Amino acid sequence: KVKDKDSLLRRLMEAGGEPVSGQMLADEAGVSRTAIWKWVRELEEEGYTVRSVRKKGYVLEAMPDLLTPALIRRHLKDDPFVSDIIHYESVGSTMPIAHREAQNGASGGTVIVAEEQTEGRGRLARPWSSTAGKGIWMSVILKPDIPPHRAPQFTLIAAVSICRAIRETAGVEARIKWPNDLLIGGRKVTGILTELQADPDRVQAIIIGIGINVNQETEDFPEELADIATSVRIQSGHRIDRAALAAAVLRNIGFYSKIYLEEGFAPIKMLWEENSDTIGRKVNAVMMRETVTGTAIGITEEGVLEIRTEDGAIRGIYSADIEP
Ligand code: BT5
């Protein structure tokens, strides 16, 4: 039932290009036709194109390229995972906002998403380039009932989920570079940053930060990324509906988290290894104090990368940068 601007929008979307009578909307909402017209004006200010057809009513003609709750939810239908979507035009980083929301009682499935980040960051406080309107910069709050040592597995769940979402939405294959990068054509298209709020024996909240380069063209990247970054658009050859891709990512994270919580890590491990760009390769795992060289042979139940070194020993790597 129409009762405000957002429900009016939903109604116009459902009409699928057919005009909806202003009088009918006014009757349904129990407001004047002028009030309906004002909501229409507000939608136009948000970037929607609404045409008014004489004697017939309003037609929704075009939607803005934004990651608003309405535009993401349109692709989620009645998927149960996402509980709340909080959208910002511009933020420093979605991570501290998500931490604050999680502490203030936000439920699992809450999503913080921004069109632009001015201080996006990766691991070890490295900068993350987050150009306005070109990518998906979001933090997803999860509250699974698990011990803290299992939390890194959610980085792998996110990686598998995003691979599948990119495949579904854009038809291109991304490969996972352990632990947290997605590559297409050998260049980085996605970074994942998993952070934790936990007691010694129990996770309070997992915050999964996800940065996906979606519609950048080559010249949109800063110079220092020119040789290492790419976007889904560059790789697929066409513009991508960011809201549809964001929805697919969230739907898949919901789906694979549920599988993980019900069946354990084995199915995720299998999918992860299938999509992995690291397993089977000769790599250098660069850590703070040392570099381990050898062949990546798999990941453990804990998401630890196993490397067989020259002398045949197997080393478990918890955190490192993998270089060829
Ligand atoms: C990551 O770190 O790859 C995790 C990135 C997580 C970003 C998301 S966006 C939403 C949420 N809010 C945040 O503030 N962060 C999360 P790491 O593995 O440390 O990689 C960082 C490195 O990737 C940088 O040092 C650059 O070399 C490179 N890089 C930076 N921006 C990039 C981009 N847009 N595309 C590809 N590579 C990039």
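This section describes the overall dimensions, helix packing, ligand shell, backbone geometry and selected residue environments of a predicted model.

The secondary structure of the chain amounts to 9 helices and 14 strands. The C-alpha trace extends over about 80 × 45 × 30 Å along its principal axes. For a chain of 324 residues, a compact globule would be expected to have a radius of gyration near 20 Å, and the 22 Å computed for the chain agrees with that expectation. Of the 324 residues, 39% are classed as buried. Among contacts with a separation of 6 or more, 62% are made between residues that lie 24 or more positions apart.

Packing between helices is considered next. In general, a pair of packed helices is described by the angle between the two axes together with the distance that separates them. For helix α1 (residues 5-14) and helix α3 (residues 33-45), the axes come within 10 Å and cross at roughly 80°, which means that α1 is roughly perpendicular to α3. The contact brings Lys5, Leu8 and Leu9 of α1 together with Trp39, Glu42 and Leu43 of α3, and the participating residues comprise 4 nonpolar, no polar and 2 charged. Toward the other end of the numbering, helix α8 (residues 242-263) packs against helix α9 (residues 266-274) at an angle of about 130°, the axes being 8 Å apart; α8 is therefore oblique to α9. In this pair, Tyr256, Ile259, Tyr260 and Glu263 from α8 meet Ala266, Pro267 and Ile268 from α9, and the classes present in the contact are 6 nonpolar, no polar and 1 charged.

The ligand is surrounded by 29 residues, of which Ser93, Gly122, Gly191, Gly209 and Gly211 are the closest. At least two residues of this shell are supplied by each of α5 (94-103), β5 (135-142), β8 (187-198) and β9 (203-213). When the shell is divided by class, 11 residues are nonpolar, 13 are polar and 5 are charged.

Several positions stand out in their backbone geometry. As a rule, most peptide bonds are trans, and most residues other than glycine have a negative phi. In the model, tryptophan 178 and proline 179 are joined by a cis peptide bond, with omega at about -5°, and proline 179 belongs to the loop between β6 (175-177) and β7 (181-184). Lysine 55, although not a glycine, has a positive phi of about 65°; this residue is placed in the loop between β1 (49-53) and β2 (57-62). With 6 other C-beta atoms within 10 Å, lysine 55 is exposed, because exposure is assigned at 12 or fewer such atoms. Alanine 125 likewise is not a glycine and has a positive phi, in this case of about 60°, and it is located in the loop between β4 (110-117) and β5. Since 7 other C-beta atoms lie within 10 Å of alanine 125, this residue is also exposed.

Three further residues illustrate how sequence separation relates to distance in space. Aspartate 181, a residue of strand β7, has 21 other C-beta atoms within 10 Å and is therefore buried, the threshold for burial being 20 or more. Apart from neighbours within four places in sequence, aspartate 181 is in contact with Lys188, Thr190 and Gly191, and Gly191 also appears among the residues closest to the ligand. By contrast, aspartate 181 and glutamine 197, which are 16 residues apart in sequence, are 22 Å apart in space from C-alpha to C-alpha.

Glutamate 301 occupies the loop between β11 (291-299) and β12 (305-309) and is exposed, with 11 other C-beta atoms within 10 Å. Its C-alpha atom is separated by 8.7 Å from that of arginine 150, although the two residues are 151 residues apart along the chain. Threonine 309, in strand β12, has 12 other C-beta atoms within 10 Å and is likewise exposed. If neighbours within four places in sequence are left aside, the contacts of threonine 309 are with Val292, Thr293, Gly294 and Arg315, whereas leucine 271, 38 residues apart from threonine 309 in sequence, is 25 Å apart from it in space, C-alpha to C-alpha.

Methods
Residues numbered from 1 in each chain as written. Predicted model: local features only at pLDDT ≥ 70, side-chain atom pairs only at ≥ 80, totals over all residues. Helix = DSSP H or I, 4+ residues; strand = E, 2+ residues; numbered from the N terminus. Rg over C-alpha atoms; globule rule 2.2 N^0.38 Å. Contact = placed C-beta atoms within 7 Å. Axes fitted to C-alpha atoms, helices over the stretch in contact; angles between N-to-C directions. Parallel < 35°, antiparallel > 145°, perpendicular 65-115°, else oblique. Nonpolar A, V, L, I, M, F, W, Y, C, P; charged D, E, K, R; others polar. Near = placed C-beta within 6 Å.
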